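This briefing concerns a single predicted model and is arranged by topic. Please read the points below alongside the sequence and the structure.

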Amino acid sequence: MPAPAPTNPSPGCTRISAGFPEQQMRVVGTLAGAPYIEATYAEYDPATVGYWSAHASIALRHFPYNRCNVLQCIECGRACLTYDEAGGYYVEPRIRALDPELIVDAAIDN
């Protein structure tokens, strides 16, 4: 019997639920840069919706996307972005469905 298709990742950043079928996902790439260069924590949010929003742009050089892995479901082919949010006392894996129409090529302000 084939494994069930994964639940649809959230269009906005959300925590990965305990029931998410990670065994169906394969890493197809990373957006993280060189491991010895600290990536920026600057967000790209010109519409002021917050990066948690389903309407937020996916600015690959900005937080949190510059820390993401790109995963693809081996069952349905959908892609998503994942990263670990490191808060004060916890680490929480997060996921967002990859919508190519939301990707923007925004430069980092220095």
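Strands E5 and E6 form a hairpin with four residues between them. Seven bridges join E5 to strand E6 (residues 91–97), and the two strands run antiparallel. Strands are DSSP runs (E) of at least two residues and helices are DSSP runs (H or I) of at least four residues, both numbered from the N terminus; two strands pair if DSSP finds at least two bridges between them. The model is predicted, so local features need pLDDT of at least 70 and side-chain atom pairs count only at pLDDT 80 or more, whereas totals for chains, interfaces and linings use all residues. Residues are numbered from 1 along each chain as its sequence is written, and side-chain values use heavy atoms, with hydrogens and water left out.

**Strand pairing and turns**

- Within the E5–E6 pair, Tyr-83 stands opposite Arg-94 in E6.
- E4 and E5 also form a hairpin, here with five residues between the strands.
- The sense of the E4–E5 pairing is antiparallel, and it extends over four bridges.
- Val-70 has Leu-81 in E5 as its bridge partner.
- In the turn of the E4–E5 hairpin, Gly-77 has a positive phi of about 85°.
- Arg-78 is located in the loop between E4 and E5, and its relative accessibility of 32% makes it partly exposed; the classes are buried (under 20% relative accessible area), exposed (over 50%) and partly exposed (in between), computed with a 1.4 Å probe on protein chains only.
- The C-alpha atoms of Arg-78 and Leu-98 are separated by 7.9 Å, although the two residues are 20 residues apart along the chain.

**Aromatic cluster**

- Two aromatic pairs are found in a search of the whole structure; rings of Phe, Tyr and Trp (its six-membered ring) pair if their centres lie within 6.5 Å, and planes under 30 degrees apart count as stacked, over 60 as edge-to-face and the rest as tilted.
- Tyr-41 and Phe-63 form a tilted pair, because their ring centres are 5.3 Å apart and their planes stand at 45°.
- This pair links distant parts of the chain, 22 residues apart: Tyr-41 is in the loop between strand E2 (25–30) and strand E3 (58–59), and Phe-63 is in the loop between E3 and strand E4 (69–73).
- Tyr-41 is exposed, at 53% relative accessibility, whereas Phe-63 is buried, with a relative accessible area of 9%.
- Phe-63 and Tyr-83 form an edge-to-face pair, because their ring centres are 6.0 Å apart and their planes stand at 75°.
- Since Phe-63 lies in the loop between E3 and E4 and Tyr-83 in strand E5 (residues 79–86), the pair ties together parts that are 20 residues apart in sequence.
- Both Phe-63 and Tyr-83 are buried.
- Tyr-41, Phe-63 and Tyr-83 together make up one aromatic cluster.

**Arg-67: ring and carboxylate contacts**

- Arg-67 lies over the face of Tyr-41, at 3.8 Å from the ring centre; a charge sits over a ring if NZ of Lys or CZ of Arg is within 6 Å of the ring centre and within 35 degrees of the ring normal.
- Arg-67 also forms a salt bridge with Glu-38, with the closest N and O atoms 3.0 Å apart; a salt bridge is a side-chain nitrogen of Lys or Arg within 4 Å of a carboxyl oxygen of Asp or Glu.
- Because Arg-67 lies in the loop between E3 and E4 and Glu-38 in the loop between E2 and E3, this salt bridge ties together parts that are 29 residues apart in sequence.
- Arg-67 is partly exposed at 22% relative accessibility, while Glu-38 is exposed at 60%.

**Further salt bridges**

- A search of the whole structure finds four salt bridges.
- One of them joins Asp-105 to Arg-61, where the closest N and O atoms are 2.7 Å apart.
- That pair links distant parts of the chain, 44 residues apart: Asp-105 is in the segment after strand E7 (103–104), and Arg-61 is in the loop between E3 and E4.
- Asp-105 is exposed at 67% relative accessibility, and Arg-61 is partly exposed at 43%.
- Glu-92 forms a salt bridge with Arg-94, the distance between the closest N and O atoms being 2.9 Å.
- Glu-92 is partly exposed at 21% relative accessibility, whereas Arg-94 is buried, with a relative accessible area of 5%.
- Glu-85, Glu-92 and Arg-94 are joined into one network by salt bridges that share partners.
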